[in-house]
Amino acid sequence: MPQENLEIEKSIRKKFHKSLFSPFAKAINQYQLLQENDHVAVCISGGKDSMLMAKLFQELKRHNKFSFQLTFLVMDPGYQPANRRLIEENANWMEVPITIFESDIFNAVYDIEKSPCYLCARMRRGHLYSKARELGCNKIALGHHFDDVIETILMGMLYGGQIQTMMPKLHSTNFPGMELIRPMYLIREEEIQHWRDYNGLQFLQCACRFTESCAAAKENQESASKRKETKALIAQLKKTNPFVESNIFRSVENVNLQTIIAYKENGVRHHFLENY
């Protein structure tokens with residue numbers, strides 16, 4: 001039986017203040033993710049990360065020094081009834097006042113064989129931006145955490161042949177005036193799991209309909225296995241180098257362009273020989 005909501009909130013203020021709320025607030029301040037009079041659509045997928053993000057935003061709003069608005073936004077892309085019900089029950093239990101809207105994304109990409117996961121992610125984000133703007137929001141918040149960031153950096157190098165990171169905030173290219181923020185940027189996944197288990201909570205896992213489709217399932221599994229491999233590699237390296245995670249994170253903060261063969265800026269490729 002999960003904890004009552006008051007106990008869940010108390011755990012964030014007390015037991016997990018240092019490991020969850022402090023890095024949440026630090027990311028917001030360090031990357032200037034929130035300004036006065038912002039209206040943020042807190043995007044909830046139903047998983048542990050986004051549900052915790054909702055609770056952290058509620059806690060922040062109780063103590064913040066300036067005014068901002070929150071809308072807790074859930075998109076149903078075609079969930080099975082049991083999955084949608086789990087999201088609604090958790091939101092009700094945790095006193096998160098969600099706004100649900102429906103889309104047909106799962107149906108739209110179900111028969112796509114080439115890169116369905118990429119297309120699904122793009123479509124999901126587009127629908128979230130569109131609904132958020134309709135509701136008067138100027139920002140959407142996604143629940144990516146520290147481990148997502150360092151895994152993305154390493155995956156880009158190992159599988160994509162490029163150096164890039166998951167940015168803490170981005171201007172939308174298709175929705176002028178809208179911005180994407182990632183306030184969980186400095187929070188470790190193991191701390192999120194600890195909070196979940198401590199409170200006896202159960203959240204939605206992958207509810208992707210692609211697992212029912214052979215071609216799409218193969219790509220989905222390949223993508224997941226690459227991330228799983230990367231996660232395992234980081235864990236292995238950590239055994240001999242306890243600073244490996246922070247070093248991966250800091251590597252994209254300490255890029256020395258004088259030691260880079262080539263780089264892209266605004267879509268234009270530059271080579272070191274241009275100024276040699």
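Two strands pair if DSSP finds at least two bridges between them. Helices (H or I, at least four residues) and strands (E, at least two) are DSSP runs, numbered from the N terminus.

The model is predicted: local features need pLDDT of at least 70, side-chain atom pairs count only at pLDDT 80 or more, and totals for chains, interfaces and linings use all residues. Residues are numbered from 1 along each chain as its sequence is written, and side-chain values use heavy atoms, with hydrogens and water left out.

**Exercise 1. The sheet**

State the order of the six strands in the open sheet and find its edge strands.

Solution.
- Step 1. The protein has 10 helices and eight strands.
- Step 2. Six strands make up an open sheet with mixed pairing, in the order β3-β2-β1-β4-β6-β5.
- Step 3. β3 (98-102) and β5 (169-171) each pair on one side only, and these are the edge strands.
- Step 4. From one strand to the next, the twist averages 25°. For such values, axes are lines fitted to C-alpha atoms, for helices over the stretch in contact, and angles run from 0 to 180 degrees between N-to-C directions.
- Step 5. Within the sheet order, β1 stands beside β4. β1 (residues 39-43) and β4 (residues 139-141) run parallel and are joined by three bridges. Ala 41 is opposite Ile 140 in β4.
- Step 6. Helix α4 (residues 81-93) lies across β2 (69-76) and β3, and runs at about 165° to β3.

**Exercise 2. The hairpin**

Describe how β7 and β8 are joined.

Solution.
- Step 1. β7 (residues 262-265) and β8 (residues 268-271) pair in the antiparallel sense, over four bridges.
- Step 2. Tyr 263 has His 270 in β8 as its bridge partner.
- Step 3. The two strands form a hairpin with two residues between them, and Asn 266 in the turn has a positive phi of about 55°.

**Exercise 3. Two helix contacts of α3**

Find how α2 and α8 are oriented against α3, and which residues make each contact.

Solution.
- Step 1. α2 (residues 17-30) packs against α3 (residues 48-63) at an angle of about 75°, and the axes are 11 Å apart.
- Step 2. Angles under 35 degrees count as roughly parallel, over 145 as roughly antiparallel, 65 to 115 as roughly perpendicular and the rest as oblique. α2 and α3 are therefore roughly perpendicular to each other.
- Step 3. Contact means heavy atoms within 4.5 Å. On the α2 side are Leu 20, Phe 21, Phe 24 and Ile 28; they meet Leu 52, Met 53, Leu 56, Phe 57, Glu 59 and Leu 60 in α3.
- Step 4. By class, this contact of α2 with α3 has nine nonpolar residues, no polar and one charged. Here Ala, Val, Leu, Ile, Met, Phe, Trp, Tyr, Cys and Pro count as nonpolar, Asp, Glu, Lys and Arg as charged, and the others, Gly among them, as polar.
- Step 5. The axes of α3 and α8 (residues 189-198) come within 10 Å and cross at roughly 80°. α3 and α8 are therefore roughly perpendicular to each other.
- Step 6. Lys 48, Asp 49 and Leu 52 of α3 make this contact with Glu 189, Ile 192, Gln 193, Trp 195 and Arg 196 of α8. The residues of the contact of α3 with α8 comprise three nonpolar, one polar and four charged.

**Exercise 4. Cysteines**

Explain why Cys 137 does not form a bond with Cys 43.

Solution.
- Step 1. A disulfide is a covalent bond between the sulfur atoms of two cysteines. The cut-off is a pair of cysteine sulfur atoms within 2.5 Å.
- Step 2. The closest cysteine sulfur to that of Cys 137 is in Cys 43, at 8.4 Å, too far for a bond.
- Step 3. By this rule the count is zero disulfides.
- Step 4. Buried means under 20% relative accessible area, exposed over 50%, partly exposed in between (1.4 Å probe, protein chains only). Cys 43 counts as buried at 6% relative accessibility, and Cys 137 counts as buried at 5%.

**Exercise 5. Loop residues**

Decide whether Met 178, Gln 32 and Asn 37 are buried or exposed.

Solution.
- Step 1. Met 178 lies in the loop between β5 and β6 (179-181). At 3% relative accessibility, Met 178 is buried.
- Step 2. Residues that Met 178 touches include Tyr 129, Cys 137 and Leu 170.
- Step 3. Gln 32 sits in the loop between α2 and β1. Gln 32 is exposed, at 51% relative accessibility.
- Step 4. Asn 37 is also in the loop between α2 and β1, and is exposed with a relative accessible area of 60%.

Terms used
Lists of a residue's contacts leave out its neighbours within four places in sequence.
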